[in-house]
Amino acid sequence: MSVVAHLPHRTLSLADEEASSPPAMELTGRRRMSAAERSLAETIYQEFRADPRHEEFVLGCLNCGECTTGCPAARFYDFSPREMLQIAANGDATTLWDALQEKIWSCCQCYTCNMRCRFGNDIAGIISVMRELSVRHGVESTRRTLAPFGRSLTLLMTVGTQVSSDMIQPDFFRDWGPFATGSDKAWDVSPEIMRKAIPIDVLQTTRSAWEVSVQTSLELFRIYEETGVLDMLRGLDPDLTEMLVDIIEERREEFREARETHRARLETMRGPVATFQG
Amino acid sequence: MLSASEIRKVMEERTQHQKGTGKKVVDVREEMERLEEKGELLIHRIRPENRPVPMQTLFGWTKRIPTDRLWHHKSCGQCGNIPGYPSALLWIMNETGRTYLNEPHQTSCTAWNYHGTATSNPVALAAVAARNFHRAYETDHFPLIHCGTSFGDYKEMRKLLVENADVRHKVRAILRKMGRDLVLPEEIVHYSEWVQAMAPEIVARKKFDLGPVVATVHEPCHYYKMIPEDAIYDDRVYGGQRPAVPTGILLALGARVADYSTWYDCCGFGFRHILSEREFSRSFANLRKIRPMVEEAHADVAITSDTGCVTTLDKSQWIGKAHGQAYMLPVLADVQLAALAMGAHPYKIVQVHWHAAPVDRLLEKMGIDGAAAKAEFLEYLQALKSGRAPELLHTPHEEIEQYFAINKGQVLPEEGTGASPPTTEPPAGVGRALP
């Protein structure tokens with residue numbers, strides 16, 4: 001009974017908790033939050049609960065644990081989809097904030113939990129909502145978690161493919177073994193020749209998964225601008241975002257020049273190719 | 001793990017619970033028809049020239065799989081580091097006389113951005129899906145989705161666009177700014193469904209026997225765990241209790257498909273994990289997937305039908321040597337194995353050299369002379385080094401297509417002015433046999 005009495009509970013307000021700072025909380029791993037963090041945690045929590053997807057994705061939970069039983073991440077991380085769902089359904093700003101620090105990034109987004117849940121909760125979906133909020137508000141731990149993905153993000157934002165063969169560098173992927181990049185060193189053939197040996201012309205590049213036309217990448221960037229993705233990314237990494245804007249501006253210029261070069265041919269066509277201005 | 005019967009029950013219960021009104025699971029295609037009548041969207045319909053083959057989905061609904069005149073929605077992971085995956089598919093289409101367009105005017109679904117790093121949102125994902133759908137529509141080729149995640153994402157986005165008027169209106173407004181409109185395909189079709197629909201024609205062209213080969217199947221999560229009602233099932237495959245793909249083509253080709261205890265587990269890809277937390281991906285792949293496949297099922301090959309699964313199961317094995325787990329079980333996509341059985345060149349077409357686990361023993365079991373094929377390929381590489389033009393599966397694209405998604409003129413022609421310039425050459429991106 002005395003142990004239970006000292007366990008952290010969720011009935012106090014954030015300010016009360018911070019003021020009392022019960023030793024039991026710190027012993028159980030509860031982190032202390034700065035005033036700025038507390039304020040951000042409250043904002044995120046309010047937005048989380050107001051998101052229309054919350055009502056749609058979080059339907060109820062008996063704590064049966066079916067979701068966690070089938071969860072790949074639960075086998076290797078301090079992570080449980082059941083816990084994430086409980087936080088989504090019954091948590092407060094502090095528990096949500098704690099989850100944002102690390103746990104939400106353990107999820108594999110395999111949807112096994114969704115498939116096993118008798119209540120029909122969209123657990124993978126509600127974790128994505130938590131992640132979105134964390135990115136949008138530039139939560140520091142999220143910045144660190146996503147720091148290695150600058151190259152993938154650049155590719156996805158500018159040409160819409162997330163992988164290129166030149167990303168698979170042998171030094172970084174040593175655990176993948178000597179054949180990870182598509183050739184044996186003894187073959188003495190460059191990566192460019194290995195790509196040329198693929199019998200599909202648009203795949204014969206090392207810089208993206210396939211060659212993407214300029215119009216297509218400009219249309220994609222228009223989507224990112226119109227849907228707030230660019231602003232979202234700006235909150236996470238302003239430098240990267242400015243670099244992306246520069247890259248796209250160059251591609252717009254390239255597109256305008258190409259319109260002049262190919263004017264005669266384009267005038268015979270209609271549809272997006274003729275109306276899209278970049 | 002849940003069988004198809006259990007999944008149906010869960011889905012019915014959850015739908016009732018979501019609405020609290022005893023509502024039944026609904027077929028999104030019916031609502032699409034109503035929205036088209038109201039002028040809110042267009043349906044990209046499967047037509048006779050698409051030569052559809054009927055299949056059954058989870059609830060017994062008919063899903064027509066188009067087999068001809070297809071628009072390749074490529075996968076970034078496949079094209080980036082498993083290029084034999086798309087080339088095997090295009091090769092089979094050429095061999096079976098199917099037409100297609102393979103263009104540079106396509107983005108990926110960008111769902112990696114969402115499921116991996118959360119740097120997107122549903123409206124953006126839906127707009128990207130709709131942009132690619134419209135591009136396929138204006139070329140009058142039906143979209144065929146290569147990637148399992150893209151397939152799952154596009155099923156979700158189609159449902160979202162149908163059920164959520166706000167998202168639909170926002171997406172339509174964005175599309176109109178780029179001269180496009182909201183078009184949803186009658187069916188979201190995964191390439192493995194095409195392979196299943198083409199099984200009789202593939203088997204008819206079989207040159208190598210799969211009889212001695214024991215295959216284990218990894219069922220890609222995003223094929224059947226996202227929008228489960230849209231996966232195809234067949235009573236002849238696991239009694240209809242697991243998805244029909246990719247197992248169906250293996251059975252049709254005569255392989256011995258062996259079961260293992262963790263068939264339902266994910267591969268360990270995890271999106272960001274495969275790049276930045278590979279200790280998780282490789283541990284999960286080796287311990288939960290590859291080890292049971294080898295020790296329980298004594299597999300000669302692991303077959304799957306999604307980008308991340310081939311990557312994770314294949315590339316994670318080499319490091320297993322450090323723990324005395326040198327399984328090195330070959331991992332291929334269904335379509336790669338089918339192409340090999342049909343006599344495709346293991347290196348030039350199936351590009352097996354991009355796989356970390358060697359396939360030599362598998363080729364030997366199938367009766368394919370892998371050593372001779374490798375020698376021929378090495379010679380070909382040297383010829384490429386010397387400046388020889390590469391062999392291609394389809395006509396190359398024009399220079400103008402580096403910039404513009406030129407209208408092929410099939411659906412939106414400039415009436416009376418000739419949208420497509422007259423030409424005697426087949427359009428770029430249309431399949432042809434290798435010399």
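**Two chains, two small sheets: a walk through the model**

Hi everyone, let me start with confidence: chain A has a mean pLDDT of 87, with 85% of its residues at 70 or more; pLDDT is the predictor's confidence in each residue, from 0 to 100. This is a predicted model, where local features need pLDDT of at least 70, side-chain atom pairs count only at pLDDT 80 or more, and totals for chains, interfaces and linings use all residues. As for labels, residues are numbered from 1 along each chain as its sequence is written, while chains are lettered from A and ligands numbered from 1 in the order in which they are written.

Let's stay with chain A. It has 19 helices and zero strands; helices are DSSP runs of H or I with at least four residues, strands are E runs of at least two, and both are numbered from the N terminus. Among the elements of chain A, helix 8 (residues 81-90) has the highest mean pLDDT, 97, and helix 3 (residues 23-27) the lowest, 49. Where pLDDT is low, the predicted coordinates should not be read in detail. Of the 278 residues in chain A, 45% are buried, meaning that 20 or more other C-beta atoms lie within 10 Å of a residue's own (exposed is 12 or fewer, partly exposed is in between, and C-beta atoms are placed from the backbone).

How do the chains meet? On the chain A side, 84 residues are in contact with 101 residues of chain B; contact means that C-beta atoms, placed from the backbone, lie within 7 Å. Helix 15 (residues 214-226) of chain A gives the most to the chain A side, with nine residues. By class, that side has 46 nonpolar, 24 polar and 14 charged residues. Here Ala, Val, Leu, Ile, Met, Phe, Trp, Tyr, Cys and Pro are nonpolar, Asp, Glu, Lys and Arg are charged, and the others, Gly among them, are polar.

Now over to chain B. Its domain assignment gives domain 1 (29-192) and domain 2 (193-381), with bounds from an automatic or database assignment. The contact between them takes 42 residues from domain 1 of chain B and 44 from domain 2 of chain B. On the domain 1 side, helix 4 of chain B gives the most, eight residues.

Next, the sheets. One open sheet of chain B has three strands in the order 3-2-9, with antiparallel pairing; two strands pair if DSSP finds at least two bridges between them. Strand 3 and strand 9 (232-233) of chain B are at the edges with a single partner strand each, so one side of each has no neighbour in the sheet. Strand 2 and strand 3 of chain B form a hairpin with four residues between them, and B:Gly60 in the turn has a positive phi of about 85 degrees. Four bridges join this antiparallel pair. B:Met55 has B:Lys63 as its bridge partner, and B:Val53 stands opposite B:Ile65.

Which residues of strand 3 of chain B are buried? B:Lys63 and B:Ile65 are, pointing to one face, whereas B:Thr62 and B:Arg64 point to the other and are not.

The other open sheet has three strands of chain B in the order 5-4-6, and here the pairing is parallel. Its edge strands are strand 5 (100-101) and strand 6 (142-145) of chain B. Strand 4 (residues 70-73) and strand 6 of chain B pair over four bridges, with B:Leu70 opposite B:Phe142.

Thanks, that's my tour!

Key. Contact = placed C-beta atoms within 7 Å.
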